[in-house]
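Dear colleague,

Please find below the structure I promised to hand over. My notes on what was found in it follow directly after.

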Amino acid sequence: MVAGGGSADFNPSVPIKIFSAGAAGCVADLVTFPLDTAKVRLQIQGESKPLVRGQRATYRGVFGTIFTIRRTEGARGLYNGLVAGLHRQMSFASVRVGLYDSMKQFYSRGSENAGIAARLLSGCTTGALAVALAQPTDVVKVRFQAQVRLPQGGSTTRYAGTMDAYRTIARDEGVRGLWKGCLPNITRNAIVNCCEMVTYDIIKERILQYKLMTDNMPCHFTAAFAAGFCTTVVASPVDVIKTRYMNSVPGQYGGAVNCAFTMLLKEGATAFYKGFMASFLRLGSWNIVMFVSYEQIKRGVAKLQKSLESSL
């Protein structure tokens with residue numbers, strides 16, 4: 001993000017931002033993927049057969065879910081879908097984060113002091129573009145995370161591997177299957193991107209403007225933590241609907257809206273905040289790792305580029 005204060009002389013190119021954002025997204029996924037898997041399992045729990053009173057849920061709490069998956073499926077179960085997740089970040093984070101400043105400049109007509117409207121439009125635009133590009137990777141990632149892996153057999157997995165998942169979905173469900181849930185995902189990521197990018201951008205800018213911190217890791221950590229919390233509160237209901245719908249078998253729901261109504265009727269309003277703590281822990285930690293990594297990778301790549309140019 002373009003920030004005031006001590007970073008006025010630092011203005012990396014768009015390709016550097018795109019590469020740095022994709023790389024930082026991958027780093028963040030590697031660190032937080034078990035939390036994301038726990039979030040997905042908690043969100044889909046009760047989907048096929050709602051829990052009756054007195055019945056013990058399979059997954060209870062974030063760390064309880066992680067422990068259960070580790071005990072019943074092994075450590076690999078926590079990283080189901082990681083390859084698709086890394087595919088997603090290289091195409092998704094690189095667009096929605098790497099192009100944010102460019103969009104902000106476009107909507108503010110080159111002004112250095114972009115207003116809130118320009119920032120919100122930038123977040124919506126890059127979020128929608130990123131989903132349009134990366135949706136198949138998100139579908140495969142969610143399905144792998146929802147897939148229970150039993151080390152000793154007893155269940156049939158849906159897909160043998162990541163590339164097999166892409167091929168199988170395209171063959172059995174058509175190209176539309178790879179973009180299943182695209183509309184709710186665009187909605188979700190427009191919300192997420194606005195909250196995440198705009199909150200981070202504004203808080204970081206104000207911290208530097210009032211000289212509360214310098215443009216370094218503590219500043220990035222504070223802005224990223226706030227962005228993660230705000231995003232989780234606003235985006236959790238859409239995230240649950242997106243996860244349920246993308247993981248559903250053909251014909252289970254008439255659409256994203258039907259999925260939402262089905263959840264409301266069968267499980268009540270609290271279903272929209274299933275896995276909230278997992279979502280917050282994941283989004284908060286993901287934001288911290290991603291934004292801190294992004295700022296450092298961006299600076300490192302820019303310095304390397306300058307060093308190579310000066311040596312030529």
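Leaving aside neighbours within four places in sequence, Thr68 is in contact with Thr58, Tyr59 and Glu73. Please bear in mind that this is a predicted model.

Thr68 and helix H2

Thr68 lies in helix H2. With a relative accessible area of 12%, Thr68 is buried, because the cut-off for that class is under 20%. The side chain of Thr68 also reaches the backbone oxygen of Gly64, at 2.9 Å.

The helix that holds Thr68 comprises twelve residues, 62-73. At 1.5 Å a residue, H2 should span 16 Å, and its end C-alpha atoms are indeed 16 Å apart, so the expected and computed values agree. The buried residues of H2 are Val62, Thr65, Ile66, Thr68, Ile69 and Glu73. Seen down the helix axis, these buried residues fall within an arc of 165°, and therefore they line one face of H2. An α-helix has 3.6 residues a turn, so residues three or four places apart point the same way. On the other side of H2, Phe63, Phe67 and Arg71 are exposed.

Against what does the buried set of H2 pack? The partners are helix H1 (14-44) and helix H11 (276-311). After H2 comes Gly74, which has a positive phi, near 85°.

Nonpolar cores

The largest nonpolar core has 18 residues, and those that touch the most other members are Val97, Tyr200, Met290, Phe291 and Tyr294. Two or more residues each are given to this core by H1, H8, helix H9 (217-247) and H11. H11 makes the greatest contribution to this core, with seven residues. Another core, of eleven residues, lies apart from it and includes Val140, Phe144, Ile169 and Met246. As general background, nonpolar side chains tend to be buried together in soluble globular proteins.

Cys182

Cys182 is found in helix H8, which covers residues 182-209. Is this cysteine, Cys182, buried or exposed? Cys182 is buried, with a relative accessible area of 16%. Not counting residues up to four places away in sequence, Cys182 touches Val131 and Gln135. Cys182 and Asp138 are 44 residues apart in sequence, while their C-alpha atoms are 9.6 Å apart in space.

Positive phi outside glycine

Most residues other than glycine have a negative phi. Two residues should be checked against that background.

Arg109 is not a glycine, yet its phi is positive, at about 55°. Arg109 sits in the loop between helix H4 (100-107) and helix H5 (116-146). The relative accessible area of Arg109 is 80%, so this residue counts as exposed, the cut-off being over 50%.

Lys211 is likewise a residue other than glycine with a positive phi, near 55°. The loop between H8 and H9 is the place of Lys211. At 75% relative accessibility, Lys211 counts as exposed.

To recapitulate, the buried residues of H2 line one face of the helix and pack against H1 and H11. H1 and H11 are also among the elements that give two or more residues to the largest nonpolar core. Arg109 and Lys211 have positive phi values without being glycine.

With kind regards

Note on methods: Residues numbered from 1 in each chain as written. Predicted model: local features only at pLDDT ≥ 70, side-chain atom pairs only at ≥ 80, totals over all residues. Heavy atoms only, no water. Helix = DSSP H or I, 4+ residues; strand = E, 2+ residues; numbered from the N terminus. Expected span 1.5 Å × (residues − 1). Buried < 20%, exposed > 50% of the residue type's maximum accessible area, 1.4 Å probe, protein only. Arc of directions from axis to C-beta. Contact = heavy atoms within 4.5 Å. Polar contact = N/O pair within 3.5 Å; in protein donor to acceptor, adjacent residues only side chain to side chain. Core = buried A, V, L, I, M, F, W, Y, C linked by side-chain atoms within 4.5 Å.
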